[in-house]
Amino acid sequence: MKKIIGLLLFAIVPTLMFSEVVFMPRVGIDIHKGIKSKMLDEKLVEWINKALDNGKADGEIVTHVTPETLPHSKPLITMITFGFDMQFISHDNGFTFFWNNEFGYAAGFKAYEKFSFIRKLNPLGQDTVDKDTGIFNEKQKVMMISTELLFGGTFRREDALNINFGVGLRASITPQTLALIKGLFDNKFPENNTVIAVLPALGGTFGLTYYFNDVVGISASVSDFVSFGTFISGKAKAEGGKIKTATAFASLGLSNSFAMKLGLSLRVHGVRN
């Protein structure tokens, strides 16, 4: 009950602070692409190796990471999205606060680097990890939950056609990431079909809305965000309670997300000439 009351207050209080509130149920397409950056790779290698050196025991020899060994599957994911966006607009100067929320789904993705793991078959053998490069079309479902907090403006508010823009923060995560975090506390680890992604991002949006009257309209917008985070997709087979073989696609670093949205606009306290 406390959570419900908190969410209601979070939604109602801004309507009291701003003159106009817009609710936008919508659908869209989000294209997510991993990016390889030489400068960032070198900095990541420096940070990781420093952490390895600081954490090693006396006399221990650690294997340092190189830019060539960093995971760069550079996944290309095209997701259909369903969202519910909100805009809180001041009539005085058009200042707009955006709170955008969406759920994205893709039946698969394309990647350019694959990792394969095989556990040693006998005490004298060694676990092996191979890296293959190429074009891999992986038929593994990807689900993503995202939220955006943006600040910007809305123009032509008294006309039928409104123009808006906003810049700010976006955070994306997969439901399986949340399940994995919970599983770690329960000493459980998923064995098959796991997609993990944590993608904080910076970017912005630009949109147009046409109102048929003071309340109802249609909207179209585009957005672009650059994120720094982790994407891991893995499949594993277990035997005797231990993982025997596994394949994975992984990227650490930058990625770009470009989205197109189309939806219905419902506004409260709107004005139109």
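## Asn100 and its surroundings

In this predicted model, Asn100 is placed in strand 3, which covers residues 95–106. The relative accessible area of Asn100 is 4%, and because the cut-off for a buried residue is under 20%, Asn100 counts as buried. When neighbours within four places in sequence are left aside, the contacts of Asn100 are Phe84, Asp85, Met86, Ser146, Thr147, Glu148, Leu150 and Lys261.

Several of these contacts come up again in other parts of the structure. Asp85, Glu148 and Lys261 are among the residues linked in a network of salt bridges, whereas Met86 is included in a separate nonpolar core of 5 residues.

## Pairing around strand 6

Strand 3, the strand that holds Asn100, pairs with strand 6 in the antiparallel sense, and the pairing runs over 12 bridges. Within this pairing, Phe103 has Ile145 of strand 6 as its bridge partner. Strand 6, which spans residues 142–155, also pairs with strand 7, again in the antiparallel sense, over 11 bridges.

Strand 7 is made up of residues 161–173, and in that strand Val167 is the bridge partner of Phe151. Strands 6 and 7 form a hairpin with 5 residues between them, and in the turn Arg156 has a positive phi of about 60°. In a regular strand, side chains alternate between the two faces of the sheet.

## A buried network of charged residues

By the distance rule applied here, the model has 7 salt bridges. Side chains of opposite charge can pair when their charged atoms come close. One of the pairs is Arg26 with Glu102, whose closest N and O atoms are 3.0 Å apart. Arg26 lies in strand 1 (residues 20–34) and Glu102 in strand 3, so this pair ties together parts of the chain that are 76 residues apart in sequence. Both partners are buried, since the relative accessibility of Arg26 is 6% and that of Glu102 is 8%.

Glu102 also meets the side chain of Arg170 in a salt bridge, at 3.4 Å from N to O. This second pair links strand 3 with strand 7, across 68 residues of sequence. Arg170 counts as buried because its relative accessibility is 6%, and its side chain forms a further salt bridge with Glu148, at 3.2 Å from N to O. Here the link runs between strand 6 and strand 7, with the two residues 22 apart in sequence; Glu148 is itself buried, with a relative accessible area of 2%. Taken together, Arg26, Asp30, Asp85, Glu102, Glu148, Arg170 and Lys261 are linked in a network of salt bridges.

## The nonpolar cores

In soluble globular proteins, nonpolar side chains tend to be buried together. The largest nonpolar core in this model has 13 residues, and those with the most contacts inside it are Ile77, Met79, Phe109, Val142 and Phe231. Strand 2 (76–89), strand 4 (109–118), strand 6 (142–155) and strand 8 (194–211) are the elements that give two or more residues to this core, and strand 8 gives the most, with 3 residues.

Met79 touches Gly28, Ile29, Asp30, Gly104, Tyr105, Ala106, Val142 and Met144, not counting residues up to four places away in sequence. Two of these deserve separate mention: Val142 is another of the residues with the most contacts inside the largest core, and Asp30 is a member of the salt-bridge network. A second, separate core has 5 residues, among them Val21, Met86, Phe88 and Phe97.

## The chain as a whole

The chain has 3 helices and 10 strands, which follow one another along the sequence in the pattern α-β-α-β-β-β-β-β-β-α-β-β-β. Of its 273 residues, 38% are buried. The exposed area of the chain is about 15700 Å², of which carbon and sulfur atoms supply 67%.

Contacts across long stretches of sequence are also counted for the chain. Among contacts between residues at least 6 apart in sequence, 74% join residues at least 24 apart. The salt bridge between Arg26 and Glu102 is an example of a link between parts that are distant in sequence, as the two residues are 76 apart.

Note on methods. Residues are numbered from 1 along each chain as its sequence is written. This is a predicted model: local features need pLDDT of at least 70, side-chain atom pairs count only at pLDDT 80 or more; totals for chains, interfaces and linings use all residues. Side-chain values use heavy atoms; hydrogens and water are left out. A nonpolar core is a set of buried Ala, Val, Leu, Ile, Met, Phe, Trp, Tyr and Cys residues joined through side-chain atoms within 4.5 Å. Buried means under 20% relative accessible area, exposed over 50%, partly exposed in between (1.4 Å probe, protein chains only). Helices (H or I, at least four residues) and strands (E, at least two) are DSSP runs, numbered from the N terminus. Contact means heavy atoms within 4.5 Å. Two strands pair if DSSP finds at least two bridges between them. Accessible areas come from the Shrake-Rupley method with a 1.4 Å probe; for residues, only the protein chains shown count as cover. A salt bridge is a side-chain nitrogen of Lys or Arg within 4 Å of a carboxyl oxygen of Asp or Glu.
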